[in-house]
Amino acid sequence: MKPLYVWLSLIAIVSVFGIFIGYFAVDLPQGDDFDLILHFLANYLTNAHTLYDKWSLLTAQFVEHRLFYTRFVVLGQYLLTGSVSFYLIILIGNLSLVGILYIVYRQLRRANLPIHFLLPAALIVFQPSYSFDGVLWPAATLAYNSVAFFAILTIHWLSTSKPVNFWLAIGSALLCTYTFGNGMLIWGVGLMVLCLQKRWKDTAFWIGAIALIIGLYFSNYVHYQSRNNPLSHLLEHPLYVIINFFVFTGSALNWSEQWPKNLASDDYWSIITGILITCLYLFLLYKVLVNFLQKSPDMDKTLSRYRIFIVGVLTFIILTGLLLTTARVHRDDILMHINRYRVHSVVVLVVSYMYLIPWLQAKRQGFLVVTSMTLFFAVLSYFCFYNIFDFYKRNFTAGQFNWQQNSEWFIYRDTAYWEGASKLVLNEAKKVKTYEVPPSAFKVLPVSDSTQSLEIKLDPQAKELHLKGFADDLSSIGHQNNYYFVFKNLSTNKIYLEASHYDHRSFRLVLMGNPYYYGNFNTFITYAHFPKGKYQIGYARINAQNELSYHWQASYFEQ
């Protein structure tokens, strides 16, 4: 394949992903963003008077982590633009994916492998199976995506012999450590990579850096006794720790958005993939160790370093999986397919594919098969996750509307901490002029009408509501109208929007010519944490001009 076609294809793959992410992104804080971004910045601007104060805030412990990189990016973005832009933070977080692909490109060039082998890697990386938590949650994109990037960057620098690259690796390892908790693992992986190359002088320096970083990182470190007891989890739930490890490793193929959950058939692909990748890792590790022990290595240095890079990256992900599963799996549940973890599995797929490239180089048909498979994977990912991203945007635009109308998000009602804390944090942000929630784009029409079209199932004892409505104009991707459920508190006259769910047809049915969405919208909610009062139920229709019209049904419940 000609290089021009390859570069045009790569630009198209990255551009489609960027447009997809940009379309669904919202300039709103989400969950931990209130603390990690807005509260940190307000605290930094008002209370950090000395260099020591500023450094302490930048490196402050957040649960098990020291999220320096997240805070540094937020601070830098604010100093450059004068305000917090969650759009920009999302963009910076996702640039780590571009960085991962660039490192793959550099590895292919160093191993003298053709550039067109980059295409399947790009199709694996630039697709939305990370879900919205992985690529649209500002704080999460800066943590999970970036720690993976800095780990790969460190191993890339260490797999080369240039002296300057060793010091660059020290710098990227520092960033990896202070990006997320599992970043600390890079020091052990780096030590292994240096030893495999028999670079003993660099190894000695690296060990010194490890001692220094451990001293700095764990200075004034608080261990939370109530969180994570890996040994206990491993002894009490050994089978599910192992299963969850394989699920984590293969989670790029596990697209369930429910966790924790019982083991089900949709977990099998990720388990099988995890087992295969673990076997590949053990085989590669054996080959590298055999090569290390031989007096006369049986492969040239370029290919040897390429293989050491792959083993190094796989080691980091494998250790991350072991750390997370032993720390988090405390019941007989499946939960390690959590969407924001999937970047690690995507990286595993990419480097596993990289191992196959020297073999594929001699088999043109093999490359075409792999490219077709990864293209199908990317297309199917876009197809399945469009609906999930679509709901994400409806959910947060509903929260934005509720905040502007009632000074309540409502979408955080079941997590009372964020509903209350957000008010304090947003007031802080307003005082220091770092961020204000943008005005809602919805324009409420002055008239409303009645309806009897909603199907309502109410369980007063469990305080649960099943709601379903019908809409003929809700059928395709890129639909012009949106539907929300609305609840009017008759005691306070406040109206709350709740994002509805749309059900989509299967890939096969859409290929047969059927619309993407079925013509209905629905939700299942508990109202135990609604503000007190009597409520009327209805739905809101929002047209292409963002005009919102209410449709009320003569159905009521009390909280």
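This note sets out numbered points on the helices, loops and selected residues of a predicted model.

1. Basis of the values. The model is predicted, so local features need pLDDT of at least 70 and side-chain atom pairs count only at pLDDT 80 or more, whereas totals for chains, interfaces and linings use all residues. Residues are numbered from 1 along each chain as its sequence is written, and side-chain values use heavy atoms, with hydrogens and water left out. Helices (H or I, at least four residues) and strands (E, at least two) are DSSP runs, numbered from the N terminus.

2. Length and burial of α16. Helix α16 covers residues 342-360. The expected span of a helix is 1.5 Å times one less than its number of residues; for the 19 residues of α16 this gives 27 Å, and the end C-alpha atoms are 26 Å apart, which agrees. Of these 19 residues, 15 are buried, so α16 is largely enclosed by the rest of the structure. Here buried means under 20% relative accessible area, exposed over 50%, and partly exposed in between, with a 1.4 Å probe and protein chains only.

3. Bend in α16. The helix bends by about 25° at M354. The bend at a residue is the angle between axes fitted to the seven residues ending there and the seven starting there. A proline, P358, follows M354 within four residues.

4. Length and kink of α17. Helix α17 has 43 residues and runs over residues 364-406. From its first C-alpha to its last, α17 reaches 61 Å, close to the 63 Å expected at 1.5 Å a residue. A kink of about 40° in α17 is centred on F385. Just after the helix, S407 takes a positive phi of about 55°.

5. Packing of α16 on α17. The two helices pack at an angle of about 165°, with their axes 10 Å apart. Axes are lines fitted to C-alpha atoms, for helices over the stretch in contact, and angles run from 0 to 180 degrees between N-to-C directions. The angle makes α16 roughly antiparallel to α17, on a scale where angles under 35 degrees count as roughly parallel, over 145 as roughly antiparallel, 65 to 115 as roughly perpendicular and the rest as oblique. The crossing of α16 past α17 is left-handed, that is, the near helix is turned anticlockwise from the far one by less than a right angle, while clockwise would be right-handed. Contact (heavy atoms within 4.5 Å) involves R342, Y353 and L360 in α16 and R364, G366, F367, V370 and F385 in α17. F385 is also the centre of the kink in α17.

6. Packing of α4 on α8. The axes of α4 (residues 68-81) and α8 (residues 138-158) come within 9 Å and cross at roughly 120°. These helices are therefore oblique to each other, and α4 passes α8 in a right-handed crossing. Y69, T70 and V73 of α4 make the contact with A139, L142, A143, S146 and F150 of α8.

7. Packing of α5 on α15. Helix α5 (residues 86-110) and helix α15 (residues 301-328) cross at roughly 155°, and their axes come within 9 Å. The pair is therefore roughly antiparallel. In the contact, I103, Q107, L108 and R110 of α5 meet T302, R305, Y306 and F309 of α15.

8. Backbone features in loops. W259 and P260 are joined by a cis peptide bond with omega of about -15°; P260 lies in the loop between α13 (238-249) and α14 (268-293). N220 is a residue other than glycine with a positive phi, near 60°. N220 belongs to the loop between α11 (200-217) and α12 (230-236) and is exposed, at 68% relative accessible area. F410, also not a glycine, has a positive phi near 70°. The loop between α17 and α18 (416-431) holds F410, which counts as buried at 2% relative accessibility.

9. Surroundings of V26 and V444. V26 sits in the loop between α1 (3-24) and α2 (33-47) and is buried, with a relative accessible area of 4%. Leaving aside neighbours within four places in sequence, V26 is in contact with F86, Y87, I90, Y392, K393 and F396. V444, in strand β3 (residues 443-444), counts as partly exposed at 37% relative accessibility. With neighbours within four places in sequence again set aside, V444 is in contact with F401, L548 and Y550.
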